[in-house]
Amino acid sequence: MTAMMGPTAASTPTETQPRSPAVAPDAPPDNAIGGVGESPQRPDATLKVTGEFAYGSDLWMDDMLWGVTLRSPHPYARIRGIDIGAALATAGVFAVLTHEDVPGEKVYGLEIADQPVLAIDTVRYEGEPVALVAADHPEIARQAAKKITVDYDVLEPVTDPRTALGHSGSSQIHGAPAGEVSGLSRESAHLHPEGNLVRHLKVRKGDSDGTADVVVVGDYEVGMQDQAFLGPEAGLAVPDGEGGVDLYVATQWLHVDQRQICAALGLTPDRVRLTLAGVGGAFGGREDLSMHVHGCLLALHTGKPIKMSYNREESFFGHVHRHPAKLHYEHGADRDGRLVYVKAAIYLDGGAYASSTPAVVGNAGTMGCGPYVVPNVHIDAYGVYTNNPPCGAMRGFGSVQAAFAYEAQMDKLAGALGLDPVEVRVRNAMHEGAEAPTGQVIDSAAPVAELLQRLQAMAMPAENGAELDLRRMPGGVSNTTHGEGVRRGVGYAVAYKNVGFSEGYDDYSTARVRLEVVGGAPHVTVHTASAEVGQGLVTVEQQICRTELGVDTVVVHPKDTRVGSGGSTSASRQTYVTGGAVRSACQQVRERVFELARAYLGHPIHDLRLDAGMVVSAAVGTLASLADVLGKGAVEETVEWRHRETEPIDPETGQGFAHVQYAFAAHRAVVDVDVELGLVKVVELACTQDVGKAMNPDAVLGQIQGGSTQGMGLALMEEIVIADGKIKNASFTDYLIPTILDMPPVTSRILELGDPESPYGVKGVGEPPAISSTAAAAAALRAASGKPLRRVPVRPDDIVGLS
């Protein structure tokens, strides 16, 4: 039996509980009994496909007010004054707040507290929150916000990360600070008191001045990608009447949200309680705060529940995006194609505020050579403040940008050597026992060569036959071609990604597991604060409980801050870390049940297990039911679980045990390109990936397909277009994402080469396919068009040579 507690199966709302559709859990489906390694139905599946699942934007309460944010129209400006009088005088308006109404810390941030809750004296990006309005109708709130007068002194925005640092051009391979290398431009005005540099990571291994027989050099660029989740930012803040507040919000990291909200409100954690609302996708974009503090401020100020829900345009301004990047690479190899050195300078545009830029820089730099054995490494990675929209976490997290560049370099190296692109990768492939650029020894399976070779051995899709099906041609449904000018291209790429938090971060998760008898049958409740954002964690939590405790009925408690932190739903870490916590809590519950069973039976038995609600001995057979052993009691354990420690890397060399685990994936992309019109049809994406252990095979394939789709989107169409710091396409009309008509078949082959350090041998699954797919698709486009295509997304005019 599957059940899920929370807003999707709500009881009668209380005064402090938001209302949402009350739907009883379904009867158990035929495949509901499923442990680790099976694919049981998700507990939220029926509710989602029937439209009955309550997302954050569906929450409501009687007598609630609507909150609206006034945002800056300028990327960079000083605030000389704010007049809220006309807005406050509007009928139906209950509050208008500015930075002066923030009672606690006025700035917040994931890693660096540098972002104002509401702009104080400067706005640093278009869309920065300046003021808040609460009214009894959303349209009244919006119209009142328009009446707020802000006196801006508009300044010239800083929009290029190299200019922001005073670096010019791509020749600065060693990335020395301004003043140490000639050819540098004057550094732009400081956007923050500490300057425009968020982080400079150096990786130095071997001889930085090595020489090689064959050298290839390239400059590359990655555009700003949006997470494009379907459910916009939303939440409901409910004052408790005693100075505290309950916040129901769609997020990725409840406890870090709580920490930042408490600081801004000047309240202790027991007075700021968070519950996860239904999340309509995340991909990193909900790791930072959006309406969280704003809704709570308004709720505490008015004494009424406050609902805030962004529309699609506001959502583009209300969350971070993928860092755009400019990258310069130099690869040197011997005549056999074996790498001698890699040098790189990587510039990541962090936008106006830091968010998770330091960690993104860490990933881009430490994994900047790709999954290859490289004896000599010289990498400089920079995270930079500009007046572009803030950038932070997105699936792939720094590795996507680096992989696009280093895989293009590997293709260029293969061309210079006259080698097959797969062969040059296999010759340099990372393997178990190899050293990463940080000096860390890879101590679990690293099947880079095997993934590539399996991929190459997979059958290729058929060519178009004599009888053309226009639906299969690029632009064919519009009758733009009957095959003339269409060329096929094939591209390969392989990449890797760290799993979990790195560089000495205290990465842990908490799980509470309770076993009791309800209605004569054993019943398990699992309680974590680990956010379910659509990836299926709630299913995995149930599977682990069934496997470890032998109980069919597992209820997932609402995700909230009444249990210890589950960490962020990011970095492909939840199945590993929260899975480890749930497993450990189950094991402790099981041991206590065995103690109770021995007491119940009156003699010691040591070969016990739990199976189908029974206590079983391998030697004797069934001994007792859990109902007999537990009676009216319950066994509950709470566990805080950590993976093995990592360590901060050396600030001058980048050496150290930086990452707890690496996950590997490879892609082959097959495309048909109309080289005369620049139109593209992706014919197939094939992926091979080592997942360690397929905890839920259907979910694994779903992650591979979803990651491949996002990676293909970045290669072909997805980009937030920025001009002078302003977003030009803040809608899903103009920001293009792949539809079902754009998607090719995604053929997947998985390896299960378990990691001995992780629970069940599992490896992170969600991010690697989003990394190698972009590079593979771009490689296929190069093969078909013959153009260098050094920037993604690739536009039609790049292919036909107009840009």
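## Close-up views of a predicted chain

**Figure 1. The whole chain, for orientation before we zoom in.** The chain contains 17 helices and 32 strands. Its radius of gyration is 27 Å, close to the 28 Å from the globule rule for 803 residues, so the chain is as compact as a globular protein of that length. Please keep in mind throughout that this is a predicted model. The C-alpha trace spans about 75 × 75 × 60 Å along its principal axes. Of the 803 residues, 60% are buried. If we take contacts between residues at least 6 apart in sequence, 79% of them join residues at least 24 apart.

**Figure 2. Surface and charge of the chain.** The accessible surface comes to about 28700 Å², and carbon and sulfur atoms account for 51% of it. Side chains counted as positive number 65, and those counted as negative number 98. The centres of these two sets lie 2 Å apart.

**Figure 3. Helix H6, residues 292–302.** Here, nine of the 11 residues are buried, so helix H6 is largely enclosed by the rest of the structure. The buried set starts with His292, Val293, His294 and Gly295, continues with Cys296, Leu297, Leu298 and Ala299, and also includes Thr302. Just after H6 comes Gly303, with a positive phi near 75°.

**Figure 4. Helix H15, residues 697–716.** A quick check of geometry is welcome here: at 1.5 Å a residue, the 20 residues of H15 should span 28 Å, and the end C-alpha atoms are 29 Å apart, which agrees. Buried residues of H15 include Val700 and Ile704. From Gly707 the buried list runs on through Ser708, Thr709, Gln710, Gly711, Met712, Gly713, Leu714 and Ala715 to Leu716.

**Figure 5. Tyr125 and its neighbours.** Look for Tyr125 in the loop between strand E7 (122–123) and strand E8 (129–135). With a relative accessibility of 4%, Tyr125 counts as buried, because the cut-off for buried is under 20%. Leaving aside residues up to four places away in sequence, Tyr125 touches Ser72, His74, Pro75 and Gln115. Its other partners are Phe317, Ala352, Tyr353, Asn387, Asn388, Pro389 and Pro390. Phe53 is 72 residues from Tyr125 along the chain, and the C-alpha atoms of the two are separated by 35 Å.

**Figure 6. Ser355 and Asn479, two loop residues with positive phi.** Most residues other than glycine have a negative phi. Ser355 is not a glycine, yet its phi is positive, at about 50°. Ser355 is found in the loop between strand E17 (339–351) and helix H8 (357–366). Asn479 is not a glycine either, and its phi is about 60°. The loop that holds Asn479 runs between helix H11 (448–457) and strand E19 (486–498). Buried or exposed: which applies to Ser355, and which to Asn479? Ser355 is buried, with a relative accessible area of 5%, whereas Asn479 is exposed, at 51%.

**Figure 7. The cis peptide bond at Pro793.** Most peptide bonds are trans. Val792 and Pro793 are joined by a cis peptide bond, with omega about 0°. Pro793 lies in the loop between strand E32 (791–792) and helix H17 (796–800).

Key: Residues numbered from 1 in each chain as written. Predicted model: local features only at pLDDT ≥ 70, side-chain atom pairs only at ≥ 80, totals over all residues. Heavy atoms only, no water. Helix = DSSP H or I, 4+ residues; strand = E, 2+ residues; numbered from the N terminus. Rg over C-alpha atoms; globule rule 2.2 N^0.38 Å. Buried < 20%, exposed > 50% of the residue type's maximum accessible area, 1.4 Å probe, protein only. Contact = heavy atoms within 4.5 Å. Areas by Shrake-Rupley, 256 points an atom, 1.4 Å probe, with all protein chains shown as cover. Lys, Arg positive; Asp, Glu negative; His and termini not counted. Charge placed at Lys NZ, Arg CZ, Asp CG, Glu CD. Expected span 1.5 Å × (residues − 1).
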